[in-house]
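Please look over the sequence and the structure shown below before reading on. The paragraphs that follow lead from a single pair of residues to the chain as a whole.

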Amino acid sequence: MHTQTKKSLLFVCLLLVGGICHVADSIADHYFISTWMFCADLMIYSGLILYWVHSVRRRLLPSPARSYMVASGLLMEFFILLRTVSYRIVQWSIPINRHCWYLYYVPIILVPTLFVMSSFYFGNRPVQHSRFKRYPLILALMLIIGILTNDLHHLTFRPNPGTIKFIGESGTYTHGILFYAAYIWAGGMIAASIFHLISISHKMKDWKKAIQPFLCLLLIPLMTTINKILVAADLPEPFLMPEIMIFGMIGIQEYCIRNRLLPHNINYDSFFSQLELPVCITDYDITPVYQTAIPVHADKAQMRQSVGDYVYPDQDTRLSGKEFKAGYVFFTSDESDQHRLNEELEDANDILSMENELLEHENELLEEKTSIEERNRLYDEAANAVYDAQKRIEGALKQIQPCTVSFHQDIAYVLFIMAYVKRKANFVMLNADHGSITPDELTVALKESLRFLNYCGIETDARITVSKNYSCETATAIYDCFETAAEALCGNISELWMRLTEQEMLLLTDAAQAPELPDLPLPMSCTSEDGQTVIRVKIGGDVQ
């Protein structure tokens, strides 16, 4: 059973236990038992509400919608505690009791209003800020001020003539215009949010995301009807109206979160911790929040200094930092190879400057010069071979935005291209050493690229049955054909199956239509049928 399902069942079970405690409180004759049952009931309800608030703050990415939901949960907890204060603590004071009664309408009005304001950010689309989104909160606050100042104008509740104890007891007052306005406002906000969800679901073509919260909303009148039946049968109510309203609203908002109407980071930390890169994300106090598998070895002072300019915690490690909306990101680069090459070049310059004095070492110096030239030629050849891919990596990295929905997908796509760059450059080096590419080396390169496609959300499988060595030109052409097709399909497929034989390479995907591919170095055919696309690349002909 999924962990999220287990937590949901535990939440419902504890809610039922709270209802049982309330029934026990209602029927208990002994004051001691009644008090204990009331305390247990209060602690269960408060714990469930605060747990949900904490989970919302942890699961959702920083956004106005998360702030509205957290504020809504805190108002629900305020409602529960206010009712306890009113009925259990301050019954001796008529003014305090009456103002507690007035304060009930703060969460009654604000919770639906905040839900409407959070619904503005539902759906997979950019958030459009507008002053119009503030108007519901402003109007709600004006309505609350009118209710809290009822003693001055009696437009919400009007005491009957001769009423001494005006604390909300039935038959001692009549309702005013602000009372009806408050309930019309709360109902209108809930109705507006449901219609907004239906509109979003219509645009996203997923009605399930609107029906589930609507069914949860129907539980409120259903539980209210059950309570009336129990009261008519002279039986105790397991849940009062405030609990029904509170946990009904929690259910509606939880459905919206679980249906991914809001972007959340429930698996972000586990994904980030598996990256084998020295990267650390911190808050503004330089306290680590997310850490990859390879830690960043630096103290807080060095991290803070690296935001303005990179620093060196040790001789071969460069620490860089960047600021973003929620804090900082720090990463290190290993420059040991660069330092080693610089030292070697300095040694070569010293040797060349002493050439006139060390003529006896002329042959050795010539051999070293030839070796360096050959190595530089190989480096230039490898760099030219992967130049286009490196430019694609540069362009993709410039477009990546941290803390966005596509952040993980974009990073995985860059890693996929980087694996291709590494393996293609390796082909150039192996060709210089051996004159050909072994089938094992080609298999390792293709399977590594397939593994990085898994990080892009594409399920892959491969069957490679080749046994002969290939020339570097043919092996590179096969790898280029696979890479070009995979990049064209990435983002449009969820499955990719590859078969490689000595005669052809076959790619089978769930793409609805064939992608547009540039000219490939090997003959290629592409067909689509029954929601699948088949790409065939013939091996053995001339490389274009």
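Which residue in β6 is the bridge partner of D314? In this model, which is predicted, the partner of D314 is T317. That pairing belongs to the contact between strand β5, residues 311–314, and strand β6, residues 317–324, which run antiparallel and are joined by 2 bridges. With 2 residues between them, β5 and β6 form a hairpin.

From β6 the path leads on to strand β7, residues 327–334, with which β6 pairs in the antiparallel sense over 8 bridges. Within this pairing, S320 has F331 in β7 as its bridge partner. F331 also stands opposite V279, a residue of strand β3, residues 279–282. Strand β3 and strand β7 pair in the antiparallel sense over 4 bridges. On its other pairing, β3 is joined by 3 bridges to strand β4, residues 288–291, and these two strands also run antiparallel. Here I281 stands opposite Y290 in β4, and the two strands form a hairpin with 5 residues between them, in whose turn I286 has a positive phi of about 60°.

Strand β3 also repays a look at its side chains. In a regular strand, side chains alternate between the two faces of the sheet. In β3 both faces are covered, since V279 and I281 on one side and C280 and T282 on the other are all buried.

A second sheet can be followed further along the chain. It is an open sheet of 5 strands in the order β8-β9-β10-β12-β11, and its pairing is mixed. The edges are held by β8, residues 459–464, and β11, residues 524–529; each has a single partner strand, so one side of each is left without a neighbour in the sheet. From one strand to the next, the twist averages 10°. Inside this order, strand β9, residues 495–500, pairs with strand β10, residues 504–509, in the antiparallel sense over 5 bridges, and M498 stands opposite L507 in β10.

Helices accompany this open sheet. Helix α17, residues 439–455, packs on the sheet and touches β8 and β9, with a direction that makes about 165° with that of β8. Helix α18, residues 472–489, lies across β9, β10 and β12, the last of these being residues 532–538, and runs at about 10° to β10. One of the residues in helix α18 is E473, which is exposed, with a relative accessible area of 54%. Although E473 and P521 are 48 residues apart along the chain, their C-alpha atoms are separated by 9.6 Å.

What, then, lies in the buried parts of the structure? As a general tendency, nonpolar side chains in soluble globular proteins are buried together. Here the largest nonpolar core has 68 residues, and those with the most contacts inside it are W101, Y105, I109, F122, F157, I246 and F247. Leaving aside residues up to four places away in sequence, F247 touches F11, L15, Y45, L48 and I49. Apart from that core lies another, of 57 residues, among them V414, F427, I464 and M505.

The cysteines raise a separate point: how many disulfides does a search of the whole structure find? The search finds 0. A disulfide is a covalent bond between the sulfur atoms of two cysteines. The sulfur of C39 is 11 Å from the closest cysteine sulfur, which is in C21, and this is too far for a bond. C472 is likewise without a bond, because its sulfur is 14 Å from the closest cysteine sulfur, in C481, and this too is too far. As for their surroundings, C39 is partly exposed, with a relative accessible area of 33%, whereas C472 is buried, with a relative accessible area of 13%.

Finally, the view can be widened to the whole chain. The protein chain has 18 helices and 12 strands, and buried residues make up 42% of its 544 residues. Its radius of gyration is 34 Å, whereas a compact globule of 544 residues would have one near 24 Å. Taken along the principal axes, its C-alpha atoms fill a box of roughly 120 × 65 × 45 Å. Among its contacts between residues at least 6 apart in sequence, 59% join residues at least 24 apart.

Technical notes: Residues are numbered from 1 along each chain as its sequence is written. This is a predicted model: local features need pLDDT of at least 70, side-chain atom pairs count only at pLDDT 80 or more; totals for chains, interfaces and linings use all residues. Side-chain values use heavy atoms; hydrogens and water are left out. A disulfide is a pair of cysteine sulfur atoms within 2.5 Å. Buried means under 20% relative accessible area, exposed over 50%, partly exposed in between (1.4 Å probe, protein chains only). Two strands pair if DSSP finds at least two bridges between them. A nonpolar core is a set of buried Ala, Val, Leu, Ile, Met, Phe, Trp, Tyr and Cys residues joined through side-chain atoms within 4.5 Å. Contact means heavy atoms within 4.5 Å. Axes are lines fitted to C-alpha atoms, for helices over the stretch in contact, and angles run from 0 to 180 degrees between N-to-C directions. The radius of gyration is taken over C-alpha atoms; the globule rule is 2.2 Å times the number of residues to the power 0.38.
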